[in-house]
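Open the model in your viewer and keep the selection box handy. Each stop below says what to select and what is there.

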Amino acid sequence: MSKKYELKAADLRCVCDHRIFKFKNTSEIKPLDEVIGQKRAVQAIEFGLNMKSAGYNIFVTGVEGTGKSTIVRELVSQHANTLPRPDDWCLVNNFKDEFRPKAIAVPPGKAVQFRKKMNKFVEALQKDLPKAFEGESYLKHLSGIKSRFSDKQNRLFQKIDKFAAKSNLQIVKSEQEIETVPVIDGTPLTPEDYNKLPHDKKAAIEASVRRIQEQIEMASVEVDKLNQALHTDVEKLMDKVTFSVVRGRLEKIRSEFKDSASILNHLAEIEQDIVENVQYFMPSEEENSKEENIFKLPPKSNLQRYQVNALTDREPAKGAPVIFETNPTYHNVMGRIEKRAYMGTVTTDFTMVKAGSLLNANGGFLIMDMESLMMHPYVWEALKRALQAKYLPIEDIAEEAGFGTVSLRPAPIPLEVKVVLLGSYDDFEVLQDYDPRFNKIFKVRADFDYEVERNDDTVQQYARFIARVCNEENLLPFTPKGVATIVEYGEKYVSDKNKLSIRFGPLLGVLKESDYWARKSKARLISDKYVVKAFSEHRFRYNLYEEKTHESYLDNTIMIDVAGEVVGQVNALAVYQIGSFSFGRPVRITAETFMGKDGVINVERESKLSGKTHDKGVLILSGYMGRTFAQNYPLNLSISITFEQSYSGIDGDSASSTELYAIISSLSGIPIKQEIAVSGSINQKGKIQAIGGVNHKVEGFFEVCKTNELTGRQGVMIPKANVKNLMLRKEVIDAVKKRKFHVYQVSTVAEGIEILTGMPAGKADKNGNYPDGTVYGAVQKKLAHYVKRSLQLKKELE
């Protein structure tokens, strides 16, 4: 009866024929230069890269190991190489407000060159300007100006002297004042002689002195005007000399950057500021003084105002920049304003402003990992603001955090950058649901698949991928048999005979480990035996817990029957997972049925060891029981069902069919074959649905049976929908070929009952009754007995 449901050995694994590869080893074929099976993701990325409108930044999703980072980098780099290099950016002093430095665009690759030229320009002026003011030409013009004004001043005072002589007075000049002294017969009077003079002569002299004082005051006003004019003329002379020296030095820089309006404007501002502050270039006594003052701020050169802070440098780059930020902290992404500590205080200036990756990627592309990004506060909000405003403000984190003071606030820099974020499905879902600005800024989603259809093209691409890895990682070449084994691994990794895994992260590990074992054996090529060795050794490194669990079956600590028949007892199949390592083992499910009205009592649920999905599965089997056996009278019974020797949480519905078989066996009194383990979920219509981990489950029960000796009657019953997922070990397939082990496929509960009991399940007639000699007929009789007995007890009690 069960043979019609039995699978053949060919159904248990998709074998890759190594003869389809027309090479002796992978060194003879062209390495892969395209992307395997990511058409949707590649098209989305290309669309996002070519869209120029605002908001078309890209969010990349996909499971780990699919090569998201590598593929995104390659595609973005290829696209960036077709674009022109963007301008560099420099930060320069704002001569109107030093706390608001200005950002200027510089031709690509010229930022550092511009900075060096300005440093040399300042150094040259420190020599040229003092020399110019000590030169013969300047001193000659200065002497002429001073002489001219001295002559005017002398003529003014000569006029006063003549006027004083006529009034018998003499003008005596000192550094502090101008004094008027009376003269008689050419001899100045002393104060004693003056006091001896008659009153009328004193009055006449005093009147003359007042007239002279008025003349002197008028002359003093004229002298002040002459001094101001002298100062103005000297300043004009200094400005002229300074302008001449500065203009000569700047002319070379202007000619080199003649196409950059921002640089020319800044040079004009520098020229004007140097003319106004030429004293900064003159040697001062303070510079020569060695005295120190502990209360002074750190020394700061006045000439620093003419320096250039090169924020970006694209000299070695070709095309648009591509920046992959691995540590997206606020400062690393947005930039920082560094501080200099000195005597318990901090200072800063525009030369201490540093660019972040967002500015370095300006005009190009910035790639970041979303998980790393969300670990650092303030970055996400600052990034969104910058992308929406298309301006990058470099601000201090203290201000962003809402405390502290900032001494600098550089002018925002125009931003034109495409951001690519690598994230998980969970990241994408949360941001879409809870961040209203996310969909406006990241309008392109590139979703990476983890599997691709298995066909001749993708199998050959697998071989070319192996060839590429061998070249890049300096691995030994693979033989056709070695490549075929890797292809089979790709099928097993996704548990699908019609698919291949394109999670190249784990695959790369297998290739490297195969190379290790081949080199250890001093082989020149990597054949299938070294690939199998790599699999076996990898499993051995991780399966200590599996071995310890298996020992519990050997010493009967965990009780499992792999022979005989038992009523109300079925071997279910469970998958244990420790990190990325998984394995399957059987677990006993028992069911007891008795009179009552409690329905199905899920022991796991009552003891709070059951997950939501498992609870759902139990409720579904209750629905099937009602649909099948309660059409004519109610189900007046109680059912206790449990996973024996299970002391931790259980979830999933893959054991719901197994639980149903145990219940049906308990009700019918018909025993179930213990040599057959079962896995499969059910729906309320009695259809068997696909489950996960089918390969682990089959191989797990095989290991237990093999330990207890294979009898030829043992096997596993799986959903028909899971046949395509079978990629069993060759050891299991060999046992099936020798009829030592069996794998059955079922699509309904009735089919499963027939295999487990050896009896037909039974089909109801038009009245809903099942025939005798069937499992369902026996169940119906038991339920009828419960109803009859319940009515009898009710009458007796009445």
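This tour of a predicted model goes through salt bridges, a cavity, a helix and a histidine.

**Stop 1: a bridge between loops**

Select R409 and E395. Their side chains meet in a salt bridge, 3.4 Å from N to O. Now colour by secondary structure. R409 sits in the loop between helix 13 (397-401) and strand 15 (413-414), and E395 in the loop between strand 14 (391-392) and helix 13, so the pair ties together parts that are 14 residues apart in sequence. Is E395 buried or exposed? E395 is buried, at 15% relative accessible area. R409 is partly exposed, at 36%. This pair is one of 39 salt bridges in the count.

**Stop 2: a bridge between helices**

Next, select K512 and E473. Their closest N and O atoms are 3.9 Å apart, and the two residues form a salt bridge. K512 belongs to helix 18 (residues 504-520) and E473 to helix 16 (residues 456-473), so this bridge ties together parts that are 39 residues apart in sequence. K512 is partly exposed, with a relative accessible area of 36%. E473 also counts as partly exposed, at 36%.

**Stop 3: a bridge inside one helix**

Go to E703 and K706. Here the salt bridge has its closest N and O atoms 3.6 Å apart. Both residues lie in helix 24 (residues 694-707), three residues apart, about one turn of the helix. An α-helix has 3.6 residues a turn, so residues three or four places apart point the same way. E703 is buried, at 17% relative accessible area. K706 is partly exposed, at 33%.

Which residues are linked with E703 and K706 in a network of salt bridges? Add K492, E699, R729 and E731 to the selection to see the network.

**Stop 4: the cavity**

Keep E699, E703 and R729 selected: these residues also help to line the largest cavity. Add R539, E546, S582, F583, G584, R585, H696 and G700 to show the rest of the lining. Strand 22 and helix 24 are the elements that give two or more residues to this lining. The cavity has a volume of about 50 Å³. How many cavities of 30 Å³ or more does the structure hold? It holds one.

**Stop 5: helix 27**

Select residues 775-797. This is helix 27, with 23 residues. From first C-alpha to last, helix 27 reaches 33 Å, close to the 33 Å expected at 1.5 Å a residue.

Look at the start of the helix. T774 caps the N-terminal end, with a side-chain oxygen 3.0 Å from the backbone nitrogen of G777. Then show the buried residues: V775, Y776, G777, V779, Q780, L783, Y786 and V787. What covers them? The cover includes strand 22 (581-595), helix 22 (612-629), strand 24 (637-643), helix 23 (656-668) and helix 26 (749-757).

**Stop 6: H742**

Finish at H742, in strand 30 (residues 742-746). H742 counts as buried, at 5% relative accessibility, because the cut-off for buried is under 20%. Draw a distance from its side chain to the backbone oxygen of G712: the side chain reaches that oxygen at 2.5 Å. Then show the contacts. Leaving out residues up to four places away in sequence, H742 touches E6, G712, R713, Q714, G715 and V716.

Terms used: Residues numbered from 1 in each chain as written. Predicted model: local features only at pLDDT ≥ 70, side-chain atom pairs only at ≥ 80, totals over all residues. Heavy atoms only, no water. Salt bridge = Lys/Arg side-chain N within 4 Å of Asp/Glu carboxyl O. Helix = DSSP H or I, 4+ residues; strand = E, 2+ residues; numbered from the N terminus. Buried < 20%, exposed > 50% of the residue type's maximum accessible area, 1.4 Å probe, protein only. Expected span 1.5 Å × (residues − 1). Contact = heavy atoms within 4.5 Å. Polar contact = N/O pair within 3.5 Å; in protein donor to acceptor, adjacent residues only side chain to side chain. 1 Å grid on protein atoms, 1.4 Å probe; cavity = no way out; pocket = protein on both sides within 12 Å on 5 of 7 lines; lining within 4 Å. Points joined across faces, edges and corners; volume = space filled by probe spheres on them.
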